[in-house]
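Work through the exercises below with the model open. Try each task before reading its solution.

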Amino acid sequence: MVITREIISKLEIWKKDVDRSPLIVQGARQIGKSWAVAEFGRTSYKYTAIFNFDKQEELKGIFEKTKDVKRILSELSLYTDVPLVESETLIFFDEIQDCKAALNSLKYFKEDAPGYHVIAAGSLLGVAVNRKTKKSEETDEMANTFPVGKVSFLEMYPVTFREFLRMSDPLLMQQTESRLELLEPLPEILFNKLTEQYRRYQVCGGLPKPCSHMLDGVGMEKIENDLAELRKSYEYDFTKHVDAKDIPRIREIWRSIPSQLSRENKKFIFRVVREGARAREYESALDWLVLSGMVYRIYVCETPQLPLKHYEVTTAFKVYMLDQAILRAMAELPPEAVIAKGDLLKEFKGAMAENFVLSSLLAQGYNSPHYWTLTGNKAEVDFLIQDGLEIRPIEVKAEENISGQSLKVYQDKYAPEIRLRFSMRNLNINGNVINIPLFLCDWLTDILSFVKRTK
């Protein structure tokens, strides 16, 4: 099944911008960037010209010998069957991180040929731009030639539950959205149907291939094979795009993440990676995984004030996977354990729920979530987000059990306007605590807007 992606509507907004710049779509591998841009071109333009620098290495020579846009376009026309026409053709540079001269050329498209609509994508673009030279701590030529101020960015994430539900049961999604503004508990039949869909999504995750197979009902064995293949392909990236000396450390960190998140205190500890491991030995390996989009790193914020970024403690952080199903597969946790209700594998199901919530927050545009701890680890709130001029504390529970005092401790200390709890209890508001079913996490922005209207 082809999954309709919400990013296409964002691309439509970019197209209509009269002052548009060339657009760079970023995100991890295997999340559907190339498909989404190509589909956008197919539905929104008369022509789409795709140039892939990984598959067509000869393209690099065009950009390395000239910066003249007219000449670049003339030579590119030899590699496509469609005309390159202003406003009518979408020019798509895929895997652009493989050609720094092409990346640099985007500023000339902005300055000298603004009528051409250009989108670039690169899974490891963040790594390429932030890569250090071997001889110094200075950034390499890729970073030095980056077209600062001449391009726009759009971050893409795996398929969200909202996108999954739209494809799986559009009527159920419509019925759900029509009730959210009431801010009342959902009818039991609606709640149960959404729970079933959420459990299915937790099993397959948001990477398009297993997600599509879940929607097609091909069977659990196929989905497990998909996830196994994706794990191997991600680890293959370590060997293909990383210096040989760095491969073992990146692999060790990657493989340690399920163990890191299985602990009650999920703070990332380097000695869990390897006995005796030190931060300075592994920091660059962890940075590579973060910049590639394969993991998310969130820092602790012991003083929850605006801006959160200013008060973060960079020596204490948690690390999550780009997708909760990849996390499950790496932990070799069978699907049955996820589907089962109750406290079976409590800590790990909690980690999967947190991973799901973090992915949802990022996809909704909450760019820098943090977490909060009271000095001495006496209390911990899973996430803090900035919502306008307010800081929202978020607690995540994998099931119905909402015991724990951390959210109350935070209330007593900081008196926030709203506290948020995601669990498998029904939607309700109790004082300033909004309990939101986990399966409604993708609608958090909508729910908060409805709450603000009632105040």
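Three exercises follow, each with a worked solution.

This is a predicted model: local features need pLDDT of at least 70, side-chain atom pairs count only at pLDDT 80 or more, and totals for chains, interfaces and linings use all residues. Residues are numbered from 1 along each chain as its sequence is written, and side-chain values use heavy atoms, with hydrogens and water left out.

**Exercise 1.** Find the bridge partners of Val396 in β11 and of Arg419 in β13.

Solution. Start with β10 (residues 390-396), which runs parallel to β11 and is joined to it by three bridges. Strands are DSSP runs of E, at least two residues; helices are runs of H or I, at least four; both are numbered from the N terminus. Two strands pair if DSSP finds at least two bridges between them. Val396 is bridged to Phe422 in β11. Next, take β13 (residues 433-437): five bridges join β11 to this strand, again in parallel. Arg419 has Val433 as its partner there.

**Exercise 2.** State which residues of β11 point each way.

Solution. Arg419, Arg421 and Ser423 point one way, Leu420 and Phe422 the other. All are buried, meaning under 20% relative accessible area (exposed is over 50%, partly exposed in between; 1.4 Å probe, protein chains only).

**Exercise 3.** Classify the exposure of Glu6 and list its contacts beyond four places in sequence.

Solution. Glu6 has 29% relative accessibility, so Glu6 is partly exposed. Contact means heavy atoms within 4.5 Å. Glu6 touches Arg162, Glu163 and Arg166 in this sense.
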